[in-house]
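Biologist: Hey, could you walk me through this one? I'm new to it.
Modeller: Sure, have a look and ask away.
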Amino acid sequence: MSDLEFRDTQLADMEALFDVRARTRHSPLSRADLAHLGITPESTSAALQRSDIVGSVCTSHHQVVGFCSGEVATGEILVLAVLPEYEGRGIGKQLLSRVVARLQRAGAQRLWLAAAADPTVRAHGFYRALGWQPTGARAPNGDEILERPLDAP
């Protein structure tokens, strides 16, 4: 992992974040798909500047290869994305851990996310192995809502 570096998301990372999101193995979303949801580089930059969201990136040779973002007010993990060729190296776990810690420091009272309910999708087991627990609720798209106890390691 010596070629990997982790740091807080910066405004200069916006274009790279949207490129990574479009290239993920499961549930890739193009810029057009994200724009349809109201998520653009401009709206994301503004939220980061207002400290409405926090994020971390992983770089390899100064290129963003993964990132995670969370919403401070709600404690929601908004996105965790890693390029397919970098999967299996602990990047997602490290990014998620960093964002969870930042949300906790910001005073989040609840940590939650929406993830695929399909057990054949990699994220299903990934989050559960890290202590995220199903709440029984579903997002409008059918994703399962998972929570992480605030006192979990």
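Biologist: What does S51 do just after α3?
Modeller: S51 takes a positive phi there, about 65°. Keep in mind that this is a predicted model.
Biologist: OK, and which residues of α3 are buried?
Modeller: P41, T44, S45, A47 and L48. Those residues sit on the same side of α3, because they cover an arc of only 165° around the axis.
Biologist: What do the buried residues of α3 pack against?
Modeller: Against α1, α2 (31–36) and β2.
Biologist: And which residues are exposed on the other side of α3?
Modeller: That's E42 and Q49.
Biologist: Switching to the core: which residues touch the most other members of the largest nonpolar core?
Modeller: I77, I91 and W132, out of 35 residues in that core. The elements giving two or more residues to the core include α1 (14–22), α3 (41–49) and β4 (76–82). The largest share, six residues, comes from α4.
Biologist: What is I77 in contact with, leaving aside neighbours within four places in sequence?
Modeller: Quite a list; among them are C68, L96, V99, L103, W112 and W132.
Biologist: New topic, pockets. How much space lies in the largest pocket?
Modeller: About 1500 Å³. It has 50 lining residues, and the closest to its centre are R21, L78, V79, L80 and A81.
Biologist: Which element gives the largest share of that lining?
Modeller: β4 does, with seven residues.
Biologist: And how do the lining residues divide into nonpolar, polar and charged?
Modeller: The lining has 28 nonpolar, 12 polar and 10 charged residues.

Notes
Residues numbered from 1 in each chain as written. Predicted model: local features only at pLDDT ≥ 70, side-chain atom pairs only at ≥ 80, totals over all residues. Heavy atoms only, no water. Core = buried A, V, L, I, M, F, W, Y, C linked by side-chain atoms within 4.5 Å. Buried < 20%, exposed > 50% of the residue type's maximum accessible area, 1.4 Å probe, protein only. Helix = DSSP H or I, 4+ residues; strand = E, 2+ residues; numbered from the N terminus. Contact = heavy atoms within 4.5 Å. 1 Å grid on protein atoms, 1.4 Å probe; cavity = no way out; pocket = protein on both sides within 12 Å on 5 of 7 lines; lining within 4 Å. Points joined across faces, edges and corners; volume = space filled by probe spheres on them. Nonpolar A, V, L, I, M, F, W, Y, C, P; charged D, E, K, R; others polar. Arc of directions from axis to C-beta.
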